[in-house]
Every structure is written in C-alpha cells, then in structure tokens.
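Here are my notes for you to read beside the structure, written as numbered points. Please keep the sequence at hand while you go through them.

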Amino acid sequence: MWILNIGGIVMNMKMQSVGFKADSKLEAFINQKLKKLEKLENSITTYNVILNVDKASNRENKVVEVKMQVPGSELFAKKQSKTFEEATDLVADALRSQILKYKEKK
C-alpha cells in the first residue's frame, strides 16, 4: 500500500496483482496515471487497484480494475487490453469521465 500526500490531502493506494508479481516500473506507471486524476478532483481519498491476467486465449488478456473513493461516492472502472499500460490508460479515461460527472452533481 502506498500513502501519498498530494496537496495536503492524504491518499491511500492499494495495488494487488493476482497470479503474478507486478514490477516496479508498471506500478510507477499506474501510480503516475492515477495521480493525474487528482488535478480534476482533489478529494479522492483511496484507490484500490487490481491487476489480473485473464486465462482466455485472447491476446487482450490484461485486466486493470480501479475503485476510487471520493466523498459520498465510489467510482469504478475495469478495462481489458493487450498490455497493462494500455488497460491503465483506458481505465484512467473512464475514471476521468466519471469524475467530471461526479463534479457536476456536487
């Protein structure tokens, strides 16, 4: 688990890789992508990230799931792609859209 202090707000990030050991380069990439979401919404308190390799014979078998806690709500995105980096980009885009909708409701 990583605890980050961004702009005075403490954010917890828990990353779990299922069935394999994620290298530090991948973890840093995911961390960097998710930290960019802080620019849109600085009240994000927790990220739960799950990395998984789908056992199907499909080449696009890398799965990234992210649950994000914001005050009064939980945002979630799950994407599958050829690489974890590409799936992370797709998850970040999905969460960016959800954050914008969340901010409209506030």
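1. I begin with helix α2, which has 22 residues and reaches 31 Å from its first C-alpha to its last, a span close to the 32 Å expected at 1.5 Å a residue. Please bear in mind throughout that this is a predicted model, so that every value below describes a prediction.

2. Which residues of α2 are buried? They are F84, A87, T88, V91, A92, A94, L95, I99 and Y102, and these buried residues pack against α1, β3, β4 and β5. When you look at the positions in that list, it helps to recall that an α-helix has 3.6 residues a turn, so residues three or four places apart point the same way.

3. Around this helix, the protein as a whole has two helices and five strands, and, read along the sequence, these elements follow the pattern β-β-α-β-β-β-α. Of the 106 residues of the protein, 34% count as buried, while the exposed surface comes to about 6400 Å², with carbon and sulfur atoms supplying 49% of it. Among contacts with a separation of 6 or more, residues 24 or more positions apart account for 47%.

4. The largest nonpolar core holds 23 residues, and those touching the most other members are L34, L37, Y47, L51, V66, M68 and L95. Elements that each supply at least two residues of this core are α1, β3 (46-53), β4 (62-70), β5 and α2, and the largest share, seven residues, comes from α2.

5. L51, one of the core residues just named, is worth following by eye: leaving out residues up to four places away in sequence, L51 touches M15, Q16, S17, V18, F20, A22, L26, I30, V63, V64 and F84. Two residues in that list, F20 and F84, come up again in the next point.

6. How many aromatic pairs does the structure hold? There is one, formed by F20 and F84, and it is stacked, with 5.2 Å centre to centre and 20° between the planes. Because F20 lies in the loop between β2 (9-18) and α1 (24-36), whereas F84 belongs to helix α2 (residues 84-105), the pair ties together parts that are 64 residues apart in sequence. The partners differ in their cover: F20 counts as partly exposed at 24% relative accessibility, because the cut-off for buried is under 20%, while F84, with a relative accessible area of 9%, is buried.

7. Another place to inspect is S81, which sits in strand β5 (residues 73-81) and counts as buried at 1% relative accessibility. Not counting residues up to four places away in sequence, S81 touches R59, E60, N61, K62, E86, A87 and L90. N61, for its part, is found in the loop between β3 and β4 and is also buried, at 14% relative accessibility. Leaving aside neighbours within four places in sequence, N61 is in contact with N52, V53, D54, A56, Q80 and S81.

8. Finally, a word on confidence: the protein averages a pLDDT of 87, and 89% of the residues score at least 70. Confidence is highest in β5, at 96, and lowest in strand β1 (residues 2-6), at a mean of 47. Over residues 2-10 the pLDDT is below 50, although this stretch has 23 contacts in the model beyond near neighbours in sequence.

Conventions
Residues numbered from 1 in each chain as written. Predicted model: local features only at pLDDT ≥ 70, side-chain atom pairs only at ≥ 80, totals over all residues. Heavy atoms only, no water. Phe/Tyr/Trp six-rings, centres within 6.5 Å; stacked < 30°, edge-to-face > 60°. Helix = DSSP H or I, 4+ residues; strand = E, 2+ residues; numbered from the N terminus. Buried < 20%, exposed > 50% of the residue type's maximum accessible area, 1.4 Å probe, protein only. Contact = heavy atoms within 4.5 Å. Areas by Shrake-Rupley, 256 points an atom, 1.4 Å probe, with all protein chains shown as cover. Core = buried A, V, L, I, M, F, W, Y, C linked by side-chain atoms within 4.5 Å. Expected span 1.5 Å × (residues − 1). pLDDT = per-residue confidence, 0-100.
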